[in-house]
Number of protein chains: 2
Amino acid sequence: MSTAAPGRRNLASAAGPPPELAGRLGYLLKHAQLGLAELTAAALEPYGLTGRELAVLTVLASGEPASQQQAAQRLGVDRTTMVALVDVLEDKGLVQRHAHAEDRRRNVVELTEKGRDRLHQAGAAAQEAESRFVAPLSRKDAQRLKAALLAVIQPEG
Amino acid sequence: MSTAAPGRRNLASAAGPPPELAGRLGYLLKHAQLGLAELTAAALEPYGLTGRELAVLTVLASGEPASQQQAAQRLGVDRTTMVALVDVLEDKGLVQRHAHAEDRRRNVVELTEKGRDRLHQAGAAAQEAESRFVAPLSRKDAQRLKAALLAVIQPEG
DNA sequence: TATTGTTATACTCTATAACTATA
DNA sequence: TATAGTTATAGAGTATAACAATA
């Protein structure tokens, strides 16, 4: 009945922005985010990962092995959300939980070798999706876009 | 227990992006969108409108009175979602439904005078929130940002 | 038979509250 | 008493399916 794909997403992806909204930054940001998320999801599907899961792997792989809660803070998600995310990754054999040696309340979450491999492969695929997404822009404009977004996100300049 | 405000939002709004994610366009877009949404929500609160409701009013006010379904397509939402959105606006006295003269299956949704007033006031407030949001950028860079987002959203150049 | 609006329902995402174990 | 992780639960948002009225 609907013209949308079975999975998800409706949101005027085909029609393009209606002129009365095309000037609103909120509209532009939202639909840019949705468009890239769609591309990324497709690119990651062969690796059995969602964009969010890839972000979790990325955070867990960076720096020293963090506790679940530290990783949650970096990602900006709730503790309880983190539990579910790590559960999924652990079920897939990509990470392992260990009790912290000094504070046994904490879980140290480390990537398995399989997890590291998957992170590299899926990370490259996501990067490629991002490149395709910004293909309408010159390389310089694409860099400017990211710089502008970063500037606007930062708490202070 | 949580450090987040009671309403919603956790998402590392205070911490800033972790370096391992700051280069990912998906992360930047998502958090820029969330940041602006937060500002806009606060700016619209005195007018009793959400950003989404303002977008609905904007679409309904533009061009000739559309049917609910046409408006839904422009907004990129489902028919059933549109029903709820119009319900809310009608309860607030901002829009009215009429049966279409020629095709009585359709609802023509028109803004009331109160709706038009509210649209102008709230629209100005949202615009002001957007200006504050892009304040870290030069005027030119802010324009470039919007142009780049538009280019990347458009189905074709 | 197809379409518009509607209702009921289900699914996803994510947060809050309460519980366990450690400290 | 406070903290890390967990579980159960609830709320927001949005889609799908089924139904009534109209075409």
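**Entry 1: starting at the DNA**

I opened with DNA strand D and looked up T80(B): one of its polar side-chain atoms lies 3.2 Å from a base oxygen of that strand. I then asked which elements give two or more residues to the surface near DNA strand D. The list reads α3 (68–75) and α4 (79–91) of chain A, together with α4 (79–91) of chain B. A reminder to myself before going on: this is a predicted model.

**Entry 2: more on strand D**

I counted 22 residues around DNA strand D, and the closest are Q68(A), Q69(A), R79(A), R97(A) and R104(B). I followed two of these names further. For R79(A), I noted a polar side-chain atom 2.7 Å from a base nitrogen of the strand. For Q69(A), the partner is a phosphate oxygen of DNA strand D, with a backbone N or O atom of the residue 2.8 Å away.

What share of the strand D atoms within 4 Å of the protein belongs to sugar or phosphate? I found 67%, with the rest belonging to bases. I also sorted the surface near DNA strand D by class and got two nonpolar, nine polar and eleven charged residues.

**Entry 3: strand C**

Next I turned to DNA strand C, which has 21 residues around it. The ones that come nearest are R104(A), Q69(B), R79(B), T80(B) and R97(B). In the side chain of R79(B), I found an N or O atom 2.8 Å from a base nitrogen of DNA strand C. Chain A reaches a base of this strand through T80(A), whose side chain has an N or O atom 3.2 Å from a base oxygen. I added R105(B) to my list as well, with a polar side-chain atom 3.1 Å from a base oxygen of DNA strand C.

For the elements, I wrote down α4 of chain A together with α3 and α4 of chain B, each supplying at least two residues of the surface near DNA strand C. By class, I have one nonpolar, nine polar and eleven charged residues there. Of the strand C atoms within 4 Å of the protein, 64% belong to sugar or phosphate and the rest to bases.

**Entry 4: a loop residue in chain A**

I paused at D103(A), which sits in the loop between β1 (95–99) and β2 (107–111) of chain A. Is D103(A) buried or exposed? I file D103(A) as buried because its relative accessibility is 17%, and the cut-off for buried is under 20%. Its side chain also makes a polar contact of 3.0 Å with the side chain of R105(A).

**Entry 5: chain B against chain A**

Last, I looked at the two chains together. I find 54 residues of chain B in contact with 54 residues of chain A. The area buried between them is about 4,700 Å², and carbon and sulfur atoms give 69% of that. In chain B, the residues that lose the most area to chain A are L25(B), V152(B) and I153(B), together 13% of what that side buries.

How many salt bridges cross the interface of chain B and chain A? I have two. One that I looked up joins R74(B) to E20(A), with the closest N and O atoms 3.1 Å apart. I also logged eight residue pairs in polar contact across this interface. On the side of chain B that touches chain A, at least two residues each come from α1 (25–44), α2 (51–61), α3 (68–75), α5 (113–133) and α6 (139–153). That side has 32 nonpolar, twelve polar and ten charged residues.

How values were computed. Residues numbered from 1 in each chain as written. Chains lettered and ligands numbered in written order. Predicted model: local features only at pLDDT ≥ 70, side-chain atom pairs only at ≥ 80, totals over all residues. Heavy atoms only, no water. Helix = DSSP H or I, 4+ residues; strand = E, 2+ residues; numbered from the N terminus. Buried < 20%, exposed > 50% of the residue type's maximum accessible area, 1.4 Å probe, protein only. Polar contact = N/O pair within 3.5 Å; in protein donor to acceptor, adjacent residues only side chain to side chain. Near = heavy atom within 4 Å. Nonpolar A, V, L, I, M, F, W, Y, C, P; charged D, E, K, R; others polar. Contact = heavy atoms within 4.5 Å. Buried area = accessible area lost by both parts, 1.4 Å probe. Salt bridge = Lys/Arg side-chain N within 4 Å of Asp/Glu carboxyl O.
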